[in-house]
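Here are a few exercises to help you find your way around a new structure. Grab a viewer, try each task yourself, then check the worked solution.

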2 protein chains.
Amino acid sequence: MTISASSPVGIFDSGIGGLTVVKAIQSLLPSERIIYFGDTARVPYGSKSQVTIRKYAQDDTAILMKYQPKMIIVACNTVSSLALDVVQQVGKGVPVLGVLEAGAELAVKHSRNNRIGVIGTRATIASNAYSLAISAIDPDAEVFSSPCPLFVPLAEEGYIDHPASGMIAREYLEGLLVHGVDTLVLGCTHYPILRNMIEEIVGPDIAIIDSAEAVALRAKEVLVENNLLNDAGSVFPHLLVSDLPQKFKTLCELFLGRDIPDVELVDV
Amino acid sequence: MTISASSPVGIFDSGIGGLTVVKAIQSLLPSERIIYFGDTARVPYGSKSQVTIRKYAQDDTAILMKYQPKMIIVACNTVSSLALDVVQQVGKGVPVLGVLEAGAELAVKHSRNNRIGVIGTRATIASNAYSLAISAIDPDAEVFSSPCPLFVPLAEEGYIDHPASGMIAREYLEGLLVHGVDTLVLGCTHYPILRNMIEEIVGPDIAIIDSAEAVALRAKEVLVENNLLNDAGSVFPHLLVSDLPQKFKTLCELFLGRDIPDVELVDV
């Protein structure tokens, strides 16, 4: 397999949450060809076991590898936490970036008081992966985390500024605020959809780290380092999904901020 | 394959919501052996496409058929709406009952003004299957329906009497109340968990039809008709799942009202 600057950047997620990563990459690296796979037939991963998540990560990577990508971005925090090594194995030779590592790095850079909050799915938080990644970069940093399991369904249903979402979010975030964090990592690619609401609750003194933006920054660094930046001009991302739920069109618009392009259905 | 009174009753669902059916069967038919399969690796079905749902229904039925059941109960409203024929095909010769048909029948029996409300997942409601089933029994009945996509995550997170759930539920149910329904079908096996809250919102004049209870009543009738009632004495249900999520234990208690027994993991 030969990798060149014109090879695509492969991105996958458990569903369509990873489109926030697509959007961030498009905004930072508009000339890159993107191939995206969303495992919409088996979404969500966040509430499933590690064994199942690792099996799914293997399938997802294999699908992207058919397109000979120059880089694989794991847009799913759950897979980043529990199965990044699986992606590296299947994607032999191709640089693999996880949203989690990128988010952890950016959080450490931003924090002044070394008190970092992390929110994510149950599986991401239970894996303790953010704490480990942050401690590996800065052993003095203290990490406080809270699972927010209802944020994904609320985001997908468009409950973006609904009072019920605010009520639930306040309960989720309360505990973190008590610990005086000055930085909050959105450790799930769905959460940027709820960013305004979260910002309103935590107030202006807490820096929000969007792991989608963080991984886009890191992707640019890695492509520059390896002389693999593309300058072929903008193309619409190639989207693959394992199922086409009714709400896909609506959600695509919510995530990408524009109409849905052609989507290809693949079997898992 | 020989079916006898001592053969088990097979029940399946997309996840663990179908445990409300297990509970209803145990309460009405305490001597029946139950084999239950919950497809927890691929849950939820309600937001997926018909093609995917039919494929999953085939797998689920095949798993139960290995145990030579005397009856198969489709505890999943989504599968009942979109893939009951698939279950009948794979379960050749074994009587198949769907929660949907049973719920529709009981609703028609209860309604005095022929105005029936139905709530369920997006896929169940979009399939129009309840309206069709109810019209087939009573062509004069009018059906008003509302998808309640956040009820499953809210139930699974234990937001049973949380004010945010109440707020969301009121919005979902408002439209139905306007139409003056006198009967409301809980067209998803998760919804009985939220029954108290729903009852409070709709008031005492609207009869709630729990499709889990409805299918248990129908199962008893069919077993009696076929001389297949078991009287061997109570046994704990045999539970199979395709994944063991962290929250399974908690949820099992919520659904069955008791501690979790041994659970067997099967591959899908």
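**Exercise 1: the six-stranded sheet**

How many bridges join strand β1 of chain A to strand β3 of chain A, and do the two run parallel or antiparallel? Then work outwards to the whole sheet.

*Solution.* Keep in mind that you're looking at a predicted model.

Step 1. Find β1 at residues 9–13 and β3 at residues 71–74 of chain A; four bridges link them, and they run parallel.

Step 2. For one matched pair, pick I11(A): its bridge partner in β3(A) is I73(A).

Step 3. Now widen the view. These strands sit in an open sheet of six, ordered β4-β3-β1-β2-β9-β10 in chain A, with parallel pairing.

Step 4. Look at the ends of that order. β4 (96–98) and β10 (263–265) of chain A each have a single partner strand, so one side of each has no neighbour in the sheet. Going from one strand to the next, the twist averages 20°.

Step 5. Add a helix: α5 of chain A, residues 99–110, lies across β3 and β4 of chain A and runs at about 60° to β4(A).

**Exercise 2: the four-stranded sheet**

Find the other sheet described here, and work out which helices pack on it.

*Solution.* Step 1. Start with β5 (residues 115–120) and β7 (residues 183–186) of chain A, which pair in the parallel sense over four bridges. Within this pair, G117(A) stands opposite L184(A) of β7(A).

Step 2. Place the pair in its sheet: four strands of chain A, open, in the order β6-β5-β7-β8, with parallel pairing. The edges belong to β6 (142–147) and β8 (207–210) of chain A, each with a single partner strand, so one side of each is left free of a neighbour in the sheet. The twist here averages 25° from one strand to the next.

Step 3. Bring in the helices. α5(A) packs on this sheet, touching β5, β7 and β8 of chain A, and its direction makes about 160° with that of β8(A). α9(A) packs on the sheet too, touching β5, β6 and β7 of chain A, at about 165° to the direction of β6(A).

**Exercise 3: two domains in one chain**

Describe how domain 1 and domain 2 of chain A meet.

*Solution.* Step 1. Mark the bounds: domain 1 takes 9–98 + 213–265, and domain 2 takes 100–212. Their centres, taken over C-alpha atoms, are 21 Å apart.

Step 2. Count the contact: 27 residues come from domain 1 of chain A and 27 from domain 2 of chain A.

Step 3. Get the area. The two domains of chain A bury about 2000 Å² between them, 56% of it on carbon and sulfur atoms. N77(A), E213(A) and A214(A) supply 26% of what domain 1 buries against domain 2, more than any other three residues.

Step 4. Check the charges. There is one salt bridge between the domains.

**Exercise 4: chain A meets chain B**

What does chain A bring to its contact with chain B?

*Solution.* Step 1. Chain A brings 35 residues, and chain B brings 35 as well.

Step 2. About 2600 Å² is buried between the chains, 53% of it on carbon and sulfur atoms.

Step 3. Two salt bridges are counted between chain A and chain B. R122(B) forms a salt bridge with E157(A), with the closest N and O atoms 2.2 Å apart.

Step 4. Finish with polar contacts: 14 residue pairs between chain A and chain B. On the side of chain A that touches chain B, α9(A) provides the largest share, six residues.

Conventions: Residues are numbered from 1 along each chain as its sequence is written. Chains are lettered from A and ligands numbered from 1 in the order in which they are written. This is a predicted model: local features need pLDDT of at least 70, side-chain atom pairs count only at pLDDT 80 or more; totals for chains, interfaces and linings use all residues. Side-chain values use heavy atoms; hydrogens and water are left out. Two strands pair if DSSP finds at least two bridges between them. Axes are lines fitted to C-alpha atoms, for helices over the stretch in contact, and angles run from 0 to 180 degrees between N-to-C directions. Contact means heavy atoms within 4.5 Å. Domain bounds come from an automatic or database domain assignment. Buried area is the accessible area (1.4 Å probe) that two parts lose on being put together, summed over both. A salt bridge is a side-chain nitrogen of Lys or Arg within 4 Å of a carboxyl oxygen of Asp or Glu. A polar contact is a pair of N or O atoms within 3.5 Å; within protein, one must be able to donate a hydrogen and the other to accept it, and residues adjacent in sequence count only if both atoms are side-chain atoms.
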